[in-house]
Amino acid sequence: MLAAVIQRLRRVSQVSLKFWYLFACWVASLLFFLFQGGKLASMLLSTVTILSVYLLLGRFNGIKAVKGTRVLLNAEANRSVEAGTAIAVELKMQVPGLIPIPYVILRDELVRSNGEKIMIEASAVLNWKRQLSIRYATRALRRGFYHFGDVECMTEDVFGLFAHRGKLSLPQSFSVLPKTVAIKEWKMFDRLHKGYHQLPASRAWRETTQINGIREYIYGDRMSRIHWNATAKSGTLKSKEFERESLPGIILILDCNKQGYWTGEHFELAVSATASLVEYGKKEKLSIGLISVGAQTVIVEPAKGAMHAQKMMEHLIDIEADGNEPLQQKLQDKARYFRSGSFSVIISPQTGEVVLQSLRWLKERQVNPCHLLIGSASRKAQQGDWEKVLASHGYRGYAIHALHELSEVLGEGNLDGKRFG
């Protein structure tokens with residue numbers, strides 16, 4: 001009965017059990033003073049009263065009205081960083097009030113778009129203006145969209161008996177882009193531009209006489225193409241870049257079938273290679289598009305421009321390997337997006353008949369197919385067999401085992417994961 005009454009009183013007053021222990025101590029001290037008297041009783045009552053007042057005043061220490069700001073030190077400008085980057089954060093807070101606070105414990109929460117949470121906890125001491133500033137860095141972040149939750153501020157009295165909490169709502173979001181590598185040149189495209197390669201699309205790649213910019217000199221450029229003013233100013237050979245009559249679209253086909261990837265890092269390599277090709281297309285002002293084939297097939301039709309490239313990058317930010325169906329079947333459902341004379345790159349870890357069927361189907365539609373094999377260092381032996389198969393069918397392909405190999409492979413350098421076909 002007594003317990004029920006106490007329970008009811010607790011519920012009504014919303015005061016913790018610790019308060020009642022403190023109240024009981026004070027009442028006991030008071031009764032001891034009233035019935036016993038003397039110096040000891042009076043000192044005990046005075047001490048317990050002073051401590052009780054101090055502990056109760058902690059409720060009004062101002063932590064519930066805390067104010068502050070959060071600054072992302074290395075992602076404030078464009079709200080995006082590259083995968084593998086740790087975000088540096090600075091928290092500044094102001095706690096109103098006059099009651100002394102020994103320290104403040106801060107708990108900040110970073111949430112990824114898939115629900116994964118990263119908790120950051122730190123403690124700090126207020127200065128004489130009741131302000132604090134703290135900096136911390138998250139761990140290296142994976143690709144994805146992130147947002148910060150509320151900052152929980154907690155402080156205790158010097159005895160650790162009563163905890164007081166406040167929340168600071170500072171909503172902020174940012175994105176972690178796929179890691180990319182700069183591609184210097186793609187020799188196969190250079191040959192197409194010059195018309196050396198015999199492809200059905202070559203006629204559509206002829207250049208006009210309208211100068212569209214200046215680029216680095218490529219071995220084989222004619223003397224008439226050299227831009228002598230830019231060469232004199234820079235000290236290195238520069239060539240004129242002409243507008244092309246029309247460019248066939250380039251379609252990047254990212255295979256997101258989860259059965260083909262052995263680890264999460266393996267899929268990240270495929271996404272990073274795709275993002276690097278998107279950046280290359282933006283730099284070279286190519287008409288480039290993207291088809292990701294997973295549980296859902298997402299299509300971004302070929303176009304030029306930075307905004308278009310950003311659209312593809314945003315799609316790559318939170319893409320996952322979640323597909324189950326064969327690649328060719330998915331491509332056939334989107335046949336209308338493959339136009340004659342265009343160029344397609346299948347970015348996939350798979351080999352064998354699955355890829356051959358897709359390459360053959362693209363070829364039948366007069367699309368120029370290419371395979372970028374996302375390899376693994378532990379399975380290079382299998383890759384060697386695949387090279388022979390692909391070459392025997394007359395298809396072009398490249399193989400990489402790490403992202404830094406991509407530029408050299410496309411430049412057809414002497415790398416172990418070299419071009420085949």
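**Helix packing and internal cavities**

In this predicted model, Val271, Thr274, Ala275, Val278, Glu279 and Lys282 of helix 6 meet Ala306, Ala309, Met312, Met313 and Leu316 of helix 7. By class, this contact between helix 6 and helix 7 holds 8 nonpolar residues, 1 polar residue and 2 charged residues. Helix 6 covers residues 264-283 and helix 7 covers residues 306-317; their axes lie 9 Å apart, and the packing angle is about 175°. Since angles over 145 degrees count as roughly antiparallel, helix 6 is therefore roughly antiparallel to helix 7.

A second helix pair can be described in a similar way. Helix 2 (residues 17-35) packs with helix 3 at an angle of about 155°, and 8 Å separates the two axes. Helix 2 and helix 3 are therefore roughly antiparallel to each other as well, and their crossing is left-handed. On the helix 2 side, the contact is made by Phe19, Leu22, Cys25, Trp26, Ser29, Leu30, Phe32 and Phe33. Helix 3 brings Leu40, Ala41, Ser42, Leu44, Leu45, Val48, Thr49, Ser52, Leu55 and Leu56 to the contact. Here the residues divide into 14 nonpolar and 4 polar, and no charged residue takes part.

Attention now turns to the spaces enclosed within the protein. The model contains 3 cavities of 30 Å³ or more, and the largest has a volume of about 80 Å³. Its lining consists of 13 residues, and those closest to the centre of this cavity are Gly58, Asn61, Glu156, Asp157 and His164. Helix 3, which spans residues 38-57, and strand 8, which spans residues 151-156, are the elements that give two or more residues to this lining. Helix 3 thus appears twice in this account: in the contact with helix 2 and in the lining of the largest cavity. Sorted by class, the lining of the largest cavity has 7 nonpolar, 4 polar and 2 charged residues.

The second largest cavity has a volume of about 50 Å³. Lining this cavity are Ile251, Ile291, Ile299, Val300, Glu301, Pro302, Tyr337 and Arg339. Strand 15 (residues 297-303) provides the largest share of the lining, with 4 residues. The lining of the second largest cavity has 6 nonpolar and 2 charged residues, with no polar ones.

Definitions and conventions: Residues numbered from 1 in each chain as written. Predicted model: local features only at pLDDT ≥ 70, side-chain atom pairs only at ≥ 80, totals over all residues. Heavy atoms only, no water. 1 Å grid on protein atoms, 1.4 Å probe; cavity = no way out; pocket = protein on both sides within 12 Å on 5 of 7 lines; lining within 4 Å. Points joined across faces, edges and corners; volume = space filled by probe spheres on them. Nonpolar A, V, L, I, M, F, W, Y, C, P; charged D, E, K, R; others polar. Axes fitted to C-alpha atoms, helices over the stretch in contact; angles between N-to-C directions. Parallel < 35°, antiparallel > 145°, perpendicular 65-115°, else oblique. Left-handed = near helix turned anticlockwise from the far one by under 90°. Contact = heavy atoms within 4.5 Å.
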